[in-house]
Amino acid sequence: SLYPHSLRNIDELCASIVRSHRETSQYRVEELQALRWKLFSREEIQAYQSKSVDEMWQHCAVRLTDAVQYVVEFAKHIPGFRMLSQNDQIALLKTGSMEVVLVRMSRFFNTENNTVFFDGKFAGGEVFKSLACGDLITAVFDFAHGMCALKLTEHQIALFSALVLINTDRPSLEDRSRVQRVQRSVELGLTHILRRDNQESLMHKLYQRMAVLRSLCSLHMEKLRWFSQRYPLTAHSLFPPLYKELFA
Ligand SMILES: CNC(=O)[C@@H]1CCCN1C(=O)c1ccc(Cl)c(COc2cccc3c(C(F)(F)F)cc(C)nc23)c1Cl
């Protein structure tokens, strides 16, 4: 059958993905709503801008690695994901985990003042200047704007995140047809949720967002390579083993 044996129907599939998203999303949207006008002072912004490139990368990588760990937890509760081989699970997470981190970041974005939740407050792009990656940060902010414009519900973000992860185009998959079965059941879940919300028109927009995500993440990998070549010691010591496993 289309669904892994453990699931009797599409509602159960959606419920388990939504529950897993809620339990692994680090911050609830309501929590961040309360903080949305907590901005960094001029002095705090200057402190970030006077960090060296590798200090600021170090500062961000710790948070990104943390976020990636939560996405790994999320993936484990997607029905069928754990039935895949270890290698296929790693292959999907290798590229998909940063894409889901990006989707989740857009939940922490305030489009009114173009700031994103970072280190406990909302930061504008200028806070990340010392990363020496203006194009990456601009792309991250632009992507977040695009996601916010869709006004997705948490349920829709949960199913979309699962679909971003279970992607059969990933290179080096051992058992593509098995990944295809899981992908199809998640697609059914997303269309089910969109139909229930009477927003089927969102589907093609979400596929467009996935295409943007792919291009954005290849920029990330290029930046990560640049950084680890430029600062091999920091990159080597800095990124915890999981990160190295996923991005090395
Ligand atoms: C609540 N906060 C959050 O959710 C985000 C996601 C995880 C932790 N986190 C932040 O604190 C955060 C919020 C906004 C921004 Cl712009 C940043 C800085 O983002 C990055 C700086 C360096 C490299 C980044 C790379 C690269 F290149 F490594 F792949 C890729 C991504 C996507 N973001 C990078 C960060 Cl680290």
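Select strand 1 (109-110) and strand 2 (residues 115-118): 2 bridges join them, and they run antiparallel. Strands here are DSSP runs of E, at least two residues long, and helices are runs of H or I, at least four residues long, numbered from the N terminus. Two strands pair if DSSP finds at least two bridges between them.

This is a predicted model, in which local features need pLDDT of at least 70, side-chain atom pairs count only at pLDDT 80 or more, and totals for chains, interfaces and linings use all residues. Residues are numbered from 1 along each chain as its sequence is written, and side-chain values use heavy atoms, without hydrogens and water.

Zoom in on phenylalanine 109. Valine 116 in strand 2 stands opposite phenylalanine 109.

Now show the whole sheet. It is open, with 3 strands in the order 1-2-3 and antiparallel pairing. Strand 1 and strand 3 (121-123) are at the edges with a single partner strand each, so one side of each has no neighbour in the sheet.

Next, the cavity. On a 1 Å grid over the protein atoms alone, a cavity is a set of points where a 1.4 Å probe fits but cannot get out; lining residues have an atom within 4 Å of a point. The structure holds 1 cavity of 30 Å³ or more. The largest has a volume of about 30 Å³, taken as the space filled by probe spheres set on grid points joined across faces, edges and corners.

Select its lining: Leu102, Met105, Ser106, Phe109, Val116, Val140, Phe143 and Ala144. Color by helix. Helix 5 (86-105) and helix 6 (134-149) each supply at least two lining residues. Helix 6 gives the most, with 3 residues.

Key: 1 Å grid on protein atoms, 1.4 Å probe; cavity = no way out; pocket = protein on both sides within 12 Å on 5 of 7 lines; lining within 4 Å.
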